[in-house]
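Student: I'd like a close look at one part of this model, the place where the strands pair up. Could you walk me through it slowly and tell me what the words mean as we go?

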Amino acid sequence: MQAPYPDGLCAEESLAGRQIALVDLLDRLLNGGAVLTGDVVLSIADVDLVHINLRAVIRSITPDDPAPW
């Protein structure tokens, strides 16, 4: 019989069964970095008036890996 979770993990060890604190999630995000992108379009009567592209890079800065500027 095959285990219900990959590599023999139980429900507590699978991602669906885990509870992660917000602090831990932010720590993982800042360690690895993330790129956020989005588009905002303001229009009236199907006429695009304003189109904004949003891009942000989020990563931590440490003494060993300083900011590029």
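Tutor: Here is a walk from the whole chain down to the paired strands, their turn, their far end and the patch on their surface.

First, some ground rules: this is a predicted model, where local features need pLDDT of at least 70 and side-chain atom pairs count only at pLDDT 80 or more, while totals for chains, interfaces and linings use all residues. Residues are numbered from 1 along each chain as its sequence is written, and side-chain values use heavy atoms, with hydrogens and water left out. That score, pLDDT, is the predictor's confidence in each residue, on a scale from 0 to 100. For the protein chain the average pLDDT is 75, and 67% of the residues score at least 70.

Now the overall layout. The protein chain has one helix and two strands, and along the sequence they come in the order α-β-β. Those elements are DSSP runs numbered from the N terminus: helices are H or I with at least four residues, strands are E with at least two. Of the elements, helix α1 (residues 22–32) has the lowest mean pLDDT, 79, while β1 has the highest, 91.

How much is tucked away? Buried residues make up just 3% of the 69 residues in the protein chain; buried means under 20% relative accessible area, exposed means over 50%, and partly exposed is in between, using a 1.4 Å probe and protein chains only. Altogether the protein chain exposes about 6400 Å², with carbon and sulfur atoms supplying 59% of that. Accessible areas come from the Shrake-Rupley method with a 1.4 Å probe, and for residues only the protein chains shown count as cover.

On to your strands. β1 and β2 run antiparallel and are joined by 11 bridges; two strands count as paired if DSSP finds at least two bridges between them. Together they make a hairpin with two residues between them. Right beside the turn, Ile44 stands opposite Val47 in β2.

Look at the turn itself. Ala45 is in the loop between β1 and β2, and so is Asp46. Ala45 has a positive phi of about 55° even though it isn't a glycine, and Asp46 pulls the same kind of trick, with a positive phi of about 60° and no glycine there either. Ala45 is exposed, at a relative accessible area of 70%, and Asp46 is exposed too, at 78%.

Now go to another pairing. Ala34, in strand β1, stands opposite Ile58 in β2. Is Ala34 buried or exposed? Ala34 is buried, because its relative accessible area is 18%. Leaving out residues up to four places away in sequence, Ala34 touches Leu29, Ala56, Val57 and Ile58, where a contact means heavy atoms within 4.5 Å. Ala34 and Arg59 are 25 residues apart in sequence, but their C-alpha atoms are 6.5 Å apart in space. Across the chain, residues 24 or more positions apart account for 16% of the contacts with a separation of 6 or more.

Asp39, also part of strand β1, gives you another view of the pairing. Asp39 and Asn53 are 14 residues apart in sequence, yet 4.7 Å apart from C-alpha to C-alpha. Setting aside residues up to four places away in sequence, Asp39 touches His51, Ile52 and Asn53. Asp39 counts as exposed because its relative accessibility is 57%.

Last, the surface. Val40, Leu42, Ile44, Val47, Leu49, Val50, Ile52 and Leu54 form a nonpolar patch with about 680 Å² of accessible area together. Two or more of its residues come from each of β1 (34–44) and β2 (47–58), and β2 gives the largest share, five residues. Patches are made of residues with over 30% relative accessible area and no salt bridge, joining like charges within 9 Å and nonpolar side chains (Val, Leu, Ile, Met, Phe, Trp, Tyr) within 5 Å. A salt bridge is a side-chain nitrogen of Lys or Arg within 4 Å of a carboxyl oxygen of Asp or Glu. Ile52, which sits in strand β2, is partly exposed, with a relative accessible area of 36%.
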